[in-house]
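Trainee: Could you take me through a single chain of this model with some care, beginning with what its database record says about it and ending with how the chain meets its partner?

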Amino acid sequence: MKIGKEFNIFLFSIKLLLKRKSSYYIFLILMVLVFFIASASFITASIKKELILTHEELPDIVIQRVIGGRQQYIPMDYIDKIVSIPGIKSILPRVWGYYYFDYSGVNFSIVGIDPLEPFYKKSLEENIKHIKTDDLIKRDDWMILGNGVRRLFSEIGYVDYAYFKKPNGEYIKLRRFDYLTQESAIFTNDIILISQNTARKLLGMDDDYVSDIVVNVYNKNEVVTIAAKIRDILKDARTVTKKDVLNSYQNVFNYKLGFFITLFGVLIFTMMVIVIDKLGGLSETEKLEIGVLKATGWTTSDVLRLKFYESSFLVLQAFIIGVLLAVIYVYILKAPIMMNIFSGYASLKTEYQLIFAVDFKTLFLIFIAIVPFYIAAIIIPTYRIATLDTYEVFK
Amino acid sequence: MLIGRKERLFLALFLFLDILFAALLITLHSDTIKIDRMKNDVKLVGLPDTALVTEARFVRHRSLTDVYSIFDFSPEAREVFPFSFVYDINNNTKGQHR
């Protein structure tokens with residue numbers, strides 16, 4: 001039977017593979033290379049997917065006030081000036097800034113929210129289960145912690161309360177009310193949500209000033225026009241639209257791509273070494289194998305098929321196992337060491353949740369760079385030897 | 001029989017790993033709850049960029065700052081490895097409307 005014969009050739013090729021030491025080494029090298037490149041591409045694809053998907057939730061336009069190249073707080077009456085622009089759906093003043101926690105040497109992002117504001121009330125109730133926004137309205141000394149801040153605070157003993165230093169040196173005591181989910185840690189790791197009044201105190205901001213103003217519009221096609229109108233009215237304002245944010249994200253991906261290209265260079269170099277080594281001629285044992293097969297009556301095409309099965313099994317399995325290990329490493333073990341490359345030196349300790357994303361383009365590129373080259377590097381010298389006279393081979 | 005015990009074990013192992021690979025891909029692919037939680041939190045906070053690098057504002061909320069924000073902290077352009085060499089001044093499209 002035809003299929004039976006092919007299968008037998010395949011089984012025989014496995015037998016030969018197992019017998020040869022060099023096949024183990026080649027398998028290991030290819031697998032490790034694929035593993036590294038695939039893990040890097042999984043991490044970048046994950047971060048990219050998270051950024052792109054969550055970017056839809058950001059406000060349409062952020063208005064900042066820039067004087068002398070420096071960002072300043074915006075007076076509240078700027079809102080009255082732009083409120084008459086047609087097409088604007090909502091305008092929300094925001095109070096946020098940074099707090100340097102010198103005990104641990106980390107920066108927190110402090111975001112002041114107003115539980116009376118319908119937008120904040122609604123998203124608080126959506127995000128945090130069993131939250132009672134009424135409790136938040138009654139008092140001012142609450143805080144909702146991001147996952148990284150929560151862990152840092154519990155390490156240093158700030159279990160229920162934490163103290164923050166105001167710009168004038170006084171301390172205020174805040175009570176931990178709740179915390180944000182660990183799932184969003186990649187975005188909210190360093191976030192502390194506090195009431196807007198407390199945030200103003202911590203950031204040294206007057207009551208009639210805000211950090212920036214966000215504007216949402218009805219028609220997404222009008223964003224650029226409305227941003228232009230806002231800049232026309234507020235002469236010292238700078239607008240950052242959702243599109244600008246996306247462009248900025250793109251810069252990050254370019255860098256991550258550079259990291260990937262470095263790894264890819266290693267892969268190409270290794271493949272070149274393997275191919276050149278193979279094209280220089282097969283090893284003595286391999287030559288002998290082919291000679292014996294030919295002597296025992298195998299045709300040239302049978303030998304070629306045998307070598308094809310052998311090499312494609314080796315290289316395909318190396319590819320699949322490499323990618324499998326990368327999937328386990330990145331999504332199950334959470335990329336223990338490699339993730340440090342992507343995070344900064346002073347970052348809060350975190351357990352990032354990477355969502356599953358496959359960059360098929362990259363995987364395909366690795367596949368193309370490895371599989372056909374390796375198979376060709378085996379088949380071509382085999383053909384050269386198999387077409388020789390058997391006597392020549394043994395000589 | 002052409003196939004020995006060693007080869008049979010070997011083939012079975014690789015078949016198992018391949019099936020495991022396919023199964024992992026399928027199970028991980030159907031996991032969409034996390035991204036919804038992320039989206040909700042980003043909506044609540046309203047700030048862009050990842051918290052991977054939190055050193056200063058020009059790297060933490062990179063999309064909301066401009067190249068001059070670097071000088072808010074110090075008159076020199078401070079290096080924040082490896083994040084700061086990501087950003088190319090010429091490539092920065094923000095502020096071009098101004």
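Mentor: In this predicted model, the "transmembrane region" annotation that comes from an unreviewed UniProt entry is placed on four stretches of chain A, namely residues 24-45, 257-276, 313-333 and 354-380. If you look at residues 24-45 of chain A, you will find a span that is 100% helix and 0% strand, with its end C-alpha atoms 31 Å apart. Residues 354-380 of chain A, in turn, are 78% helix and 0% strand, and there the end C-alpha atoms lie 43 Å apart.

It helps next to see how the chain is divided, for the domain assignment of chain A gives domain 1 as 2-53 + 248-394 and domain 2 as 88-217. The C-alpha centres of domain 1 and domain 2 of chain A are 49 Å apart, and the contact between these domains draws on eight residues of domain 1 and twelve residues of domain 2. On the side of domain 1 of chain A that touches domain 2, three residues are nonpolar, two are polar and three are charged.

Finally, turn to the partner: the contact of chain A with chain B involves 70 residues from chain A and 56 residues from chain B. Within the side of chain A that touches chain B, the largest share, eight residues, is supplied by helix 10 of chain A, which runs over residues 242-279. Sorted by class, that side of chain A holds 37 nonpolar, 22 polar and eleven charged residues.

Note on methods
Residues are numbered from 1 along each chain as its sequence is written. Chains are lettered from A and ligands numbered from 1 in the order in which they are written. This is a predicted model: local features need pLDDT of at least 70, side-chain atom pairs count only at pLDDT 80 or more; totals for chains, interfaces and linings use all residues. Two residues are in contact if their C-beta atoms, placed from the backbone, lie within 7 Å. Helices (H or I, at least four residues) and strands (E, at least two) are DSSP runs, numbered from the N terminus. Ala, Val, Leu, Ile, Met, Phe, Trp, Tyr, Cys and Pro count as nonpolar, Asp, Glu, Lys and Arg as charged, and the others, Gly among them, as polar. Domain bounds come from an automatic or database domain assignment. UniProt positions are given in the numbering used here, feature names are shortened, and annotations may be inferred rather than shown by experiment.
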